[in-house]
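Trainee: I would like to test the labels we put on a model. Ask me nothing yet; let me ask you how each label is earned.

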Amino acid sequence: MANFTQIPLLRWLMRNPIWGFVLIVFIFFSLAADNFFSERNLMNIVVQTSTIGLIALGMTLVMINGNIDLSVGATLALAAAFAVDVQSWAAFATWGNWQILPAVCIALLVGILMGAINGFIVWKTGVDAFIVTLGAMLGIRGLVFVYTGEQSFYAMNFAYSDFSFMTIGPFPVLAVIFAVAVIAVHLLLSRTVHGRNTYAVGGNREAAVNAGIRVGPHMMINFMLIGFLAALSGVLLSTQMGAATPNLGRDYELWVITAVVLGGTKLTGGKGDIIGTLGGVLAIGILRNGMNLMQVPAFYVLVILGSILIAVLFLDKRFNRSADGGLRL
Amino acid sequence: MTATREPALRLQGIVKTFPGVRALDGVDFEVMPGEVHALLGENGAGKSTLMKVLAGMYQPDEGQIIIAGQPVRMTTPIEAKAQGVVLIHQELSLVPEMSAAENIYLGELPRKAFGRVDWKILEERSNAILKRLKCNFRAEVTVAHLSIANQQMVEIARALTVDARVVVFDEPTASLTDAEKVVLFDIINDLKSQGVGIVYISHRMDEIFTLSDRITVLRDGAYRGTLTTADTNEDEVTRLMIGRSLDLSRNEAASKFGDTMLEVRNLTCTGLFEDVSFTVRAGEIVGFYGLVGAGRTEIAETLFGLRTPTAGEIRVDGQKVEITSPRDAIAMGVSLVPENRKEQGLVLQMNCRDNMTLPQVQDLTAGPFVAKGAELAIFDQYREKLAIKTPSWRQPTAVLSGGNQQKIVIGKWLSMKPRVLVVDEPTRGIDVGSKSEIHQLLRELAAQGYAVIVISSEMPEVLRVSDRIVAMYHGRVMREFDISEVTEDSLVQAISGIKSAEPA
């Protein structure tokens, strides 16, 4: 064992077991599935992953902070509805393609607002974030139905749905947006004061208060960030579909939390990082894509993913428990 | 004491060691049926360990437990209870959402067919016990709705579900009012008249002299003697408790101090402490000594903005200040090294460097990012200064020893250049070697001109580090001693609530 731990890559994989898993499934599908290992399919995976991935970045912040946000799927749907609907408002009828701009801005602001409401309630009432955002999940989804009248909105401006097929150099624009967001949130979390305090508040709230850290504003900022990212995800998803449906984003909160937890972020807060979350997101993306290519029925994919989630966390508990100095209960 | 009667319980030569500590060193103790036997000793003298041995929570390494003439081995609290030995804990261990009856029979609810709870029998029996205890509430009531005193009654009722031979009360009056105490003492006398042996653990001399028949004193894990209450007095007991063999090396009184850095006048927090006044000068360590619950930690928390005082004022460096949050306190230069460093002082998963710079990270930036170089410089400076032993700054603080964890917390505040440093229980849970290192460190800090408050429940510690000692009892300052004039006796008496004849 001692020899193994001398190799930096292996040591790194011990601390980030999810990337070992990503590597294994990647190699497996490259060998087992035709068409998996092609530039086109790999870009596809990144694009498919970006929807959940963007929200997972925000969820990592919120969970490290010691909270959780269950309302992201509903926020995504609400933002998508605004993004598609506002384009067709009479006020912007003469704006040409520029009508997309206010639509997207309003959609993103709606996301930030939803996050701010969640954050504010958690901060000021002290009610558990699980409960607050569970309520928000139901309530915001209700708003979506009220707003859309249970109908889907279709984007009339084709420039909107063309956006998702654009490329920057060899890369699809959606992949580039995701990559930029990954880097930005990683820097925020690992290099800024806000990131540091996010860890401190989630790790030990009492100690953070005793160090003079204002807990509430940090939590609120993180909820606003996840609201923004959920809305961005909703906008991008609606460009891919050229439409916004009222059921958009159903169950996304569960996929997102699965990815983040697979990436090593603790539900209890204080621990986790973006590199792990990226691994978790890719693991899910590769599995879904690869099994799809191998024509495994979608239901089995769910069974397999569920089993993997539990197995990975069990192994993590076995290997990394003692290092935390935690109690074995 | 008639020689013909068997003791209800006898402990013989009990030895219990923990890694590095001999917690009990050949302790003898017995209690007769119908006797109240008080067990006395300072914090850490071994009372709790002895009671845990008695309740089957710890196994003694050597020695015998003899109940009604028979040697017994008890490996769990349930077995101890089956033998008729019941412990009434200092901290209540009730399930607040359940009824009193359910709590009384927790784990042994009477059952009907198919494992259903027999509510009728449960409530009949519970109410019978509560009646015996002269309680004025019904067993059906939810425990959360009861007062602390009544909750304690439920705890006692739980002990009476078996035919108790011996009931151990561990600091039972800590959270009771005077009126409630009278009721408790009635119950104890009642049990006594029914032939139950009572072990009564308390720090309060007045209670012990009112209640007990005999007093056994422990010190440093060793048996120091048993006295008949009627034939002894507070002085004799005190002397037995402190002893002479103890290493009580004292701080040499320093002669010159700087300006007054902290002045507290008539500070009151209703129900916790009252009318507290004291000053701390630069270069001086003021020790706060008293029993657990005397209000010392609460004063520290008030100074640090975690509690709001109901009256009185705080002056830092001559300026009257309003401190309503730790943020304010930090800005005023008041720092607190808290009682429980793991819960209140450290973010355990976080590495050493980040923990050290936590209160000032917002000032250590380069552009939008944290300046990690500056952070590391601070960490290295205090690692060297405080001799913190860690292989790397990357270590999570969870894996450090208690002494090194404490140094990280101290370093965190020193790096903020505070005016006043409050240290609550500086060496709790820290091994002997690191203890003296921390004491040394505190003295050095004073020598460098910091104004330091040290709160401690250990007499050797207060004597070793303090220039002055404030003795507290029940939320009040009983006396203030200069280190050169303090005697162990007077200190123990002051914190036990005994008014001394000599003027303060």
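Mentor: We will take the interface, then the two sheets of chain B, then the salt bridges.

Mentor: One caution to begin with: this is a predicted model.

Trainee: What makes chain A and chain B partners in contact?

Mentor: Contact requires heavy atoms within 4.5 Å. Here 24 residues of chain A meet 29 residues of chain B on that basis.

Trainee: How large is the area buried between chain A and chain B?

Mentor: About 2,100 Å² is buried between chain A and chain B. Carbon and sulfur atoms give 59% of that area. On the chain A side, Arg191(A), Arg196(A) and Asn210(A) lose the most area to chain B. Together they account for 33% of what that side buries.

Trainee: Why is the pair Asp354(B) and Arg196(A) called a salt bridge?

Mentor: Set the value against the rule. A side-chain nitrogen of Lys or Arg must lie within 4 Å of a carboxyl oxygen of Asp or Glu. The side chains of Asp354(B) and Arg196(A) meet at 3.3 Å, N to O. The pair therefore qualifies as a salt bridge. The count between chain A and chain B is 2 salt bridges.

Trainee: How many residue pairs are in polar contact across the interface of chain A and chain B?

Mentor: The rule finds 10 such pairs, both residues at pLDDT 80 or more.

Trainee: Which helices of chain A supply at least two residues each to the side that touches chain B?

Mentor: They are α8 (173-191), α9 (193-203), α10 (205-210) and α14 (298-324) of chain A. The most comes from α9(A), with 6 residues. By class, that side of chain A has 9 nonpolar, 9 polar and 6 charged residues.

Trainee: Now the sheets. What makes β12 and β15 of chain B edge strands?

Mentor: Look at the order, β12-β11-β14-β15 in chain B, an open sheet of 4 strands with antiparallel pairing. β12 (273-281) and β15 (319-321) of chain B each pair on one side only. Neighbouring strands here are turned by 20 degrees against each other on average, direction ignored.

Trainee: How do you know that β11(B) and β12(B) pair?

Mentor: Pairing needs at least two bridges. Strand β11 (residues 260-269) of chain B has 6 bridges to β12(B), so the two count as paired. They run antiparallel.

Trainee: Do the other neighbours by the same test, please.

Mentor: β11(B) and β14(B) share 5 bridges in the antiparallel sense. β14(B) and β15(B) share 3 bridges, also running antiparallel.

Trainee: Which residues stand opposite Leu262(B) in β12(B) and β14(B)?

Mentor: In β12(B) Leu262(B) faces Val280(B). In β14(B) the bridge partner of Leu262(B) is Val316(B). Further along the sheet, Arg315(B) has Lys320(B) in β15(B) as its bridge partner.

Trainee: What joins β14(B) and β15(B)?

Mentor: The two form a hairpin with 2 residues between them. In the turn, Asp317(B) has a positive phi of about 55 degrees. Helix α9 (residues 296-303) of chain B lies across β11, β12 and β14 (311-316) of chain B, at about 65 degrees to β12(B).

Trainee: Why is one side of β6 and of β10 in chain B left without a neighbour in the sheet?

Mentor: The open sheet has 6 strands in the order β6-β7-β8-β3-β9-β10 (chain B), with mixed pairing. β6 (85-88) and β10 (222-228) of chain B stand at its edges with a single partner strand each, so one side of each has no neighbour in the sheet. The twist averages 20 degrees from one strand to the next.

Trainee: In which sense do β3 and β8 of chain B pair?

Mentor: Strand β3 (residues 36-40) and strand β8 (residues 197-201) of chain B pair in the parallel sense over 4 bridges. Ala38(B) stands opposite Tyr200(B) in β8(B). Helix α6 (residues 178-193) of chain B packs on this sheet, touching β3, β7 (166-170) and β8 of chain B.

Trainee: What makes Lys192(B) and Asp213(B) a salt bridge?

Mentor: Their closest N and O atoms are 3.3 Å apart. The limit is 4 Å, so the pair passes. Lys192(B) sits in helix α6 of chain B, and Asp213(B) in the loop between α7 (205-211) and β9 of chain B, 21 residues apart. Over all chains, the structure holds 26 salt bridges.

Methods: Residues numbered from 1 in each chain as written. Chains lettered and ligands numbered in written order. Predicted model: local features only at pLDDT ≥ 70, side-chain atom pairs only at ≥ 80, totals over all residues. Heavy atoms only, no water. Buried area = accessible area lost by both parts, 1.4 Å probe. Polar contact = N/O pair within 3.5 Å; in protein donor to acceptor, adjacent residues only side chain to side chain. Nonpolar A, V, L, I, M, F, W, Y, C, P; charged D, E, K, R; others polar. Axes fitted to C-alpha atoms, helices over the stretch in contact; angles between N-to-C directions.
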